[in-house]
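Me: Hi! I'd like a close look at the charged side-chain pairs in this protein, with a little context around them. Here is the model I have in mind.

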Amino acid sequence: MSGAGVIDFGDLVRTWRASDVAITICALLSKDHRNPLRIASDVLAGFLAECPLDPTEVSAIWPMVTARACVGLASTLHQLTTEPDNPYLHENLAVDTMVFELVESIPLPLG
């Protein structure tokens, strides 16, 4: 029996645990943008209930959300330079722009 598969080795990388929180927040903001700080608070509370973070890690979460939103938008814009007629990328552009503008509108110390 033969088969094919894809292995995502990204989960094997040693990294800061707070990055998982930031990635989750950014992903959820792409689905629901009505109350970003409530989403961030709920994700953080759920994470902290299972896995404590130190204050330094917690204070880095919103800057990481901001960085991820920026990279997401920049990546989509770059991909559009090579595939300008790709409808999927245009859909992503609208979502990535919305998430970036939403995150950018919240000052880092408040996030």
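To set the scene, how many helices and strands does the protein have? After that, please take me through the salt bridges: which residues pair up, and are the partners buried or exposed?

Reply: Happy to! Please keep in mind that this is a predicted model.

The protein has 4 helices and 0 strands, and from the N terminus the elements run α-α-α-α. Of its 111 residues, 28% are buried. Its exposed surface comes to about 7700 Å², with 60% of that supplied by carbon and sulfur atoms. Among contacts with a separation of 6 or more, 68% are between residues 24 or more positions apart.

Now to the charged pairs. Side chains of opposite charge can pair when their charged atoms come close. Searching the whole structure turns up 3 salt bridges.

Let's begin with Arg-17 and Glu-57, whose closest N and O atoms are 3.3 Å apart. This salt bridge links distant parts of the chain, with the two positions 40 residues apart: Arg-17 sits in the segment before helix 1 (18-29), while Glu-57 belongs to helix 3 (residues 55-82). As for their surroundings, Glu-57 has a relative accessibility of 5% and so counts as buried, because the cut-off for that label is under 20%. Arg-17, at 35%, counts as partly exposed. The bridge therefore joins a partly exposed arginine to a buried glutamate.

Next come Asp-32 and Arg-34, whose side chains meet in a salt bridge at 2.9 Å, N to O. Asp-32 has a relative accessible area of 24%, so it is partly exposed. Arg-34 is exposed, with a value of 71%.

The remaining pair is Arg-38 with Asp-42, where the N to O distance is 3.2 Å. Both residues lie in helix 2 (residues 36-50), and because they are 4 residues apart, about one helical turn separates them. Arg-38 is exposed at 52% relative accessible area, which is over the 50% cut-off for that label. Asp-42 is partly exposed, at 43%.

Helix 3, the home of Glu-57, also deserves a closer look for its polar contacts. Thr-76 is found in this helix, and at 4% relative accessibility it counts as buried. Its side chain is joined to that of Asp-96 by a polar contact of 2.4 Å. Leaving aside residues up to four places away in sequence, Thr-76 touches Leu-89, Asn-92, Leu-93 and Asp-96. Asp-96 thus appears both as a polar partner of Thr-76 and in its list of neighbours.

Thr-82 is in helix 3 too. This threonine is exposed, with a relative accessible area of 57%, whereas Thr-76 is buried. Thr-82 also has a polar atom of its side chain 2.9 Å from the backbone oxygen of Gln-79. For Thr-76, by contrast, the contact described above runs to the side chain of Asp-96.

To pull the charged pairs together: Arg-17 with Glu-57 links distant parts of the chain, Asp-32 meets Arg-34 at 2.9 Å, and Arg-38 and Asp-42 pair up within helix 2.

Note on methods: Residues numbered from 1 in each chain as written. Predicted model: local features only at pLDDT ≥ 70, side-chain atom pairs only at ≥ 80, totals over all residues. Heavy atoms only, no water. Salt bridge = Lys/Arg side-chain N within 4 Å of Asp/Glu carboxyl O. Buried < 20%, exposed > 50% of the residue type's maximum accessible area, 1.4 Å probe, protein only. Polar contact = N/O pair within 3.5 Å; in protein donor to acceptor, adjacent residues only side chain to side chain. Contact = heavy atoms within 4.5 Å. Areas by Shrake-Rupley, 256 points an atom, 1.4 Å probe, with all protein chains shown as cover.
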